[in-house]
Amino acid sequence: MADDNKVIIPIGPQHPSLDEPASFTVTLSGERVDNVVIGIGYNHRGLEKACESRTYVQDLYIVERVCGICSHSHTSAFCMGVEQLAGVTVPDRAEYIRAIVAELERLHSHLLWLGVAGHEIGFDTLFMYTWRDREKVLDLLAAIGGNRINYSVNTFGGVRRDLDESIFAKITATLNELEKQINYYLELAQTELTLKARLSGIGCLSKEDALKFGATGPVLRAAGVAQDIRTAEPYGAYKNFEVNVITHTAADVFGRTAVRILEMLESIRIIRHCIKEMPEGAILAKVPRRIPEGEVIVRMEAPRGENIHYIRSNGTDKPDRIRVRAPSEANWHGMQHMLKGEYLADVPISIAAIDPCYSCTDRAITVNSDGTRKVTDWQSIRKYGIDWYKKRGLDMADIRLERGV
Amino acid sequence: MEVLQMLFKVLLFPGFLFLTSYAFAAEYIDRKLHARMQNRKGPKWYIPFADFFKLIGKQTIIHDDAHAGIIKAMPVVSLAGVATAFIYIPVVGSSAVFSFEGDIIIVLYFLSLPVLTQFLAGWYSRSLYATIGASRVITQMFAYEVPLFMCLLAPSLIANTWSVSGITQYYSEHPLYALINLPAFAVALITVQSKLSKAPFDAPEAETEIVSGPYVEYTGRPLAFFRMSADCEEVVLISLVSAIFLPFLSGNAVIDVILYFVKTLAILFVLTLMRTVTARLRVNQTVTLCWRYLVPAALLQMIVNLIVRGWLA
Amino acid sequence: MSNEESKVLQIISNFPNLDGRIRQIAPKRIFTDPLESGEFHQLVSYIHDEMGFFRAHHAVGVDDGENLGFIYIFSDEDNTILAAKQTVPKENPEIESLNKLYPSLLLHELELADLFGAVISGLPDVPHYPLPDGWPEGSYPMRKEWKPEYFNKETMTYEPPEEVQKNG
């Protein structure tokens, strides 16, 4: 306890409302936030350093793991950068498949956010409903890429897997269900009184402040700035059609909720359009192993906002420097400003409202031939892997796991 | 013989044993309903018992700064308070185990005990989260206690008695008069939810803000008894509300017991529904709701009841 | 003449010494060659005040061997990106913070300090980011000579063999 009846309360590094380690040292006077010191960086994994000593193809898999939720966005940006450096044109069909996956990712990211927001304000029913719907999107992504989270659809010069009519039919059917649900959430957000009472007027970041602190994505659009890289600097398939930029004037958490829900409807529209207009042809262009010398800055719109990759090549098969600016990194700057003067009760939802990025561990599913599912734990996956290599003449059973793994 | 009968009533039915069994059952029903409403499967029927016995078996850890005596005593005091209150509430028909003129006041005071113990438990846990939780508990109490008292006392004005059994008796003889008390019934449901610290009034225990408020330092046996006491409190409160506002009786003991379950479970259903469809309110929003809307509503009910009473007399 | 070209010409007309050192390399991308600290700050305050580059996205550190390069990425209303590069000798990597003009560069500048060892004046007093507490002084992991194999996670010390130290 500090003097003047002020209480210093630590939120994090470990706290039920945080999905990643981060520390917020909140000074309270009464229930009001007087000051907050933000400590982040607990998750720094040195990925950029790791990228410098590996080839571009290996880096693709590292970049995919920058974020668990926007894995496709990071590989898209990275691939676009490398393709620009190599002067390769990606086939149209691949661009459309990338766009479909990107919008599916936006859907699952926003549904996830809506659930987390519900949980932060004690509305667990919303959490359960949205995460149930998110499962449907994850199933689609698993059907497309073979994995729920790191679907690895992208590769240099195009995409790894083609989509056929049966998947399009599956996507269309799921989208019809989802559209109904999302419209329901929209109605809920507009009519449910406690929800509105808890979301309106908190975490305010005005238009001027949002621009000053470099906010991006739904945080910026909720402040009334129509900035979306898909229209500001169209890339890939977005060059061929219009994207409606969703904005809101509320500039608070409620505005961000509304923007995200409406963006989901827009994503559904884009996916339908992409399926309808899907061009025929190849899905992969050849990219040389050695990338010509040069530097490039790529911008693209991830679910959380603008994602920037800086890539510098020195003419070898390994990059000289890769720098990723994830959207959350830009949104942290306004956080202190947002939290000052808030009630303690609103701190978790205000933090959650910028949708801070975290890596999420995936559960593993093995699908047996008869279609039944089984959840596999870490030990049995390890055993499966060891057996798999044993059959091919490699014995890995003696390799000890490093401490802390 | 009479002593034995009394002991049976106090300890077994409708006393302590019945109360605790029904409390666990109510917790199960509440959790199961909540889960089904949220599209989940929910727990098996024995999970509340299993939770209780699991916690009983766990190690009790009390850190050095906390006041060990208070930490250990509070759950017992809380449980004793609710169990005693239950004795004055009629389960079978209109007669409670004990009753005297004015016992409704006693019941309300006993029912304040769990809240005060929560506050003390949080305060003497000497943890930041618990302290903030404790201050929220007491703030919230000042918000809902007044409308709760007013709406529970309003029906007694018409019945012209200050005993719970008396009120039940009166309204079961004049069931139509119960309709006059409908606004007070609505106020009672909301304030009972608030007293139970359940959504939308779960700010004192808000997991995502202050971890679990007053209970954050609780482990093992004290936690088990606190949870049991919270379950019992729920049953006592819904029984009280049903005795005062839903006084429909048949006169046949077996049918009356069945009626008791139907009425209390109906109220439980409403409370569960309320906590499923709402987000958590901030403490200041709870205070605003109680003082700006619930108190005037309860006050209006009292005035109406006074007029009705004068008209009946 | 495209929009970007006119912006390049506007900058060159105000800073004749930048002629040939600033160019458009792709649509909506203007890059500069490495600039000295003085030139760099003049350029940045000019584009901030006069040309409406109100957004700062990013500060990227690069290791150019003898020098460290810090690439600052700005954009304006038309979403034209201007990447201005500042270069400082590795021996004495002192730079001035742009925090006053662009508050959104704070985290990126802290990263430059932690990962590249830039000595930045004018930063507010904020917690360490992103390296953990107890990270060895004078060890900057994003410099090319820093090798992860010489870092001991248990003791948090960085001990390169003698010859590497001399060469690096």
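Domain bounds here come from an automatic or database domain assignment. Keep that in mind as you open this predicted model, and let's begin with chain A.

**Stop 1: chain A and its domains**

Select A:47-353 and colour it; that range is domain 1 in the assignment, and 364-405 of chain A is domain 2. If you place a centroid on the C-alpha atoms of each domain, the two centres are 31 Å apart. Now switch to a cartoon of chain A, where you can pick out 15 helices and ten strands. Colour by relative accessibility next: of the 405 residues in chain A, 59% are buried. A contact map of the chain is worth a look too, as residues 24 or more positions apart make up 67% of its contacts with a separation of 6 or more. With the surface turned on, chain A exposes about 16,500 Å², and carbon and sulfur atoms supply 52% of that area.

**Stop 2: where chain C meets chain A**

Which chains share the most contacts? Of the two pairs of chains in contact, the answer is A and C. Select the residues on both sides: 41 residues of chain C are in contact with 33 residues of chain A. The size of an interface is often given as the accessible area lost when the parts come together. For chain C and chain A that buried area is about 3,100 Å², with 56% from carbon and sulfur atoms.

Turn to the polar side of the interface. The rule finds 15 residue pairs in polar contact between chain C and chain A, both partners at pLDDT 80 or more. There are also five salt bridges between these chains. To see one of them, show C:K144 and A:E52 as sticks: their side chains meet at 3.2 Å, N to O. Then highlight β2 (29-35), β3 (55-63), β4 (67-75), β5 (81-89) and α3 (106-116) of chain C, the elements that each give two or more residues to the side touching chain A. Of these, β3(C) gives the most, with seven residues.

Before leaving, bring chain B into view beside chain C. These two chains do not touch, and their nearest C-alpha atoms are 23 Å apart.

**Stop 3: a leucine in chain B**

Centre on B:L294, in helix α12 (residues 283-312) of chain B. Is B:L294 buried or exposed? B:L294 counts as buried because its relative accessible area is 6%, under the 20% cut-off. Leaving aside residues up to four places away in sequence, B:L294 touches B:P147, B:V187, B:I190, B:T191 and B:L289. For a sense of scale, draw a C-alpha to C-alpha distance from B:L294 to B:H174: the two are 26 Å apart in space and 120 residues apart in sequence.

**Stop 4: backbone details**

Most residues other than glycine have a negative phi, and most peptide bonds are trans. Three places are worth zooming in on with that in mind.

- Select B:A199 and B:P200, joined by a cis peptide bond with omega of about 5°. B:P200 is in the loop between α8 (182-195) and α9 (207-210) of chain B.
- Move to B:N160, in the loop between α6 (128-159) and α7 (164-173) of chain B. Its phi is positive, near 60°, and B:N160 is exposed, with a relative accessible area of 53%.
- Finish at C:K28, in the loop between β1 (22-26) and β2 of chain C. Here phi is also positive, near 65°, and C:K28 counts as partly exposed at 23% relative accessibility.

Key: Residues numbered from 1 in each chain as written. Chains lettered and ligands numbered in written order. Predicted model: local features only at pLDDT ≥ 70, side-chain atom pairs only at ≥ 80, totals over all residues. Heavy atoms only, no water. Helix = DSSP H or I, 4+ residues; strand = E, 2+ residues; numbered from the N terminus. Buried < 20%, exposed > 50% of the residue type's maximum accessible area, 1.4 Å probe, protein only. Contact = heavy atoms within 4.5 Å. Areas by Shrake-Rupley, 256 points an atom, 1.4 Å probe, with all protein chains shown as cover. Buried area = accessible area lost by both parts, 1.4 Å probe. Salt bridge = Lys/Arg side-chain N within 4 Å of Asp/Glu carboxyl O. Polar contact = N/O pair within 3.5 Å; in protein donor to acceptor, adjacent residues only side chain to side chain.
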